[in-house]
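Colleague: I should like to go through this model with you, one feature at a time. Please show it first.

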Amino acid sequence: MKSAFFTTFLSISIALSSCTEYRQVLKSDDMQYKYDKALEYYKDGKVTRAYPLFEELYIVYRGTDKGERIAYYQAKSDFKLKDYILAGHRLNQFYRSYPNSEYAEETQFLSAYCNYMLSPKWSLDQADTERALRSLQLFAIDHPESARIDSCNALLDELRFKLELKEYKAAILFYKMETYRAAQRAFSNFNQSYPSSRYREECYFLEFKSGYLLAINSVEDKKVERIEEAMDAYVTFVDRFPQSKFVKEAEDLYTQLSELLQETKNIS
């Protein structure tokens with residue numbers, strides 16, 4: 001019991017002493033002392049203590065050599081505290097202000113990474129995703145030999161897939177809503193934009209099937225045009241995916257289109 005009490009007492013005493021010391025640092029007029037303590041706190045992982053000191057020191061030393069280092073740690077503090085909006089702004093500002101700094105490459109990458117962290121899930125507006133893509137692409141162009149390039153490319157792939165998934169889901173939604181003209185266009189645009197997509201086989205088939213469903217439900221004066229358009233989509237699909245699991249269904253639909261086209265022309 002005495003040992004436990006002593007341990008608790010000692011912990012409280014250390015904590016109170018630490019708080020007292022920190023208050024003294026905050027109240028001090030010695031900027032060098034504050035600078036040294038801010039770096040000490042930061043390197044010890046006490047970012048919340050270092051942060052207000054860097055804020056004050058930046059105002060004092062802005063425009064000096066020491067100001068560059070303070071600006072770097074100020075931006076890194078925002079990053080460590082996961083304030084990605086402010087961190088992204090300050091890291092980018094640092095990179096632009098000190099393009100020849102030893103920290104320039106790191107801050108440019110971390111600024112882009114902050115944009116990546118702000119990218120929302122695929123179903124939401126993707127403006128932040130587009131911004132993240134641009135900033136990471138710029139980093140890759142500026143630093144093609146960087147040790148961070150593999151991480152950069154992995155983030156780019158993830159962001160691109162998010163945009164790809166959003167367009168895929170939008171096309172599928174048009175198809176499920178039976179708005180086949182919109183679905184046909186959406187699948188066509190998707191196939192052009194993402195030629196290597198994991199969804200390409202399905203999307204080429206659904207582009208054809210959307211055209212088929214549009215054609216068979218079409219008004220008479222547009223029926224021939226739409227049947228022929230759907231038949232062209234069939235040819236494209238089977239040429240690209242001759243072994244597809246959708247080929248049998250596609251062949252059956254194509255046969256129906258051929259018969260419908262002949263009937264429609266006979267009536268005309």
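Colleague: How do the residues lining the largest pocket divide into nonpolar, polar and charged?

Modeller: This is a predicted model, in which local features need pLDDT of at least 70 and side-chain atom pairs count only at pLDDT 80 or more, while totals for chains, interfaces and linings use all residues. Residues are numbered from 1 along each chain as its sequence is written, and side-chain values use heavy atoms, with hydrogens and water left out. Ala, Val, Leu, Ile, Met, Phe, Trp, Tyr, Cys and Pro count as nonpolar, Asp, Glu, Lys and Arg as charged, and the others, Gly among them, as polar. On that basis the lining comprises 3 nonpolar, 5 polar and 5 charged residues.

Colleague: Which element gives the most to the lining of the largest pocket?

Modeller: A pocket is an open set of points on a 1 Å grid over the protein atoms alone, where a 1.4 Å probe fits, with protein on both sides within 12 Å along at least five of seven lines; lining residues have an atom within 4 Å of a point. The elements giving two or more residues to this lining are α9, α10 (200-216) and α11 (220-240), helices being DSSP runs of H or I of at least four residues, numbered from the N terminus. The most, 6 residues, comes from α9.

Colleague: Is Q184 buried or exposed, and what is its relative accessible area?

Modeller: Q184 lies in helix α9 (residues 180-193) and touches E207, S210, G211, L214 and E229, not counting residues up to four places away in sequence; contact means heavy atoms within 4.5 Å. Buried means under 20% relative accessible area, exposed over 50%, and partly exposed in between (1.4 Å probe, protein chains only). Q184 is therefore buried, its relative accessible area being 7%.

Colleague: Which helix gives the most to the largest nonpolar core?

Modeller: A nonpolar core is a set of buried Ala, Val, Leu, Ile, Met, Phe, Trp, Tyr and Cys residues joined through side-chain atoms within 4.5 Å. Of the 57 residues in the largest one, L136, F187, F208, F237 and L257 touch the most other members. The greatest contribution, 11 residues, is that of helix α8 (residues 149-176).

Colleague: How far apart are the end C-alpha atoms of α7?

Modeller: The buried residues of α7 include L136 and F139, and their cover includes α6 and α8. The expected span of a helix is 1.5 Å times one less than its number of residues. The 16 residues of α7 should therefore span 22 Å, which agrees with the end C-alpha separation of 23 Å.
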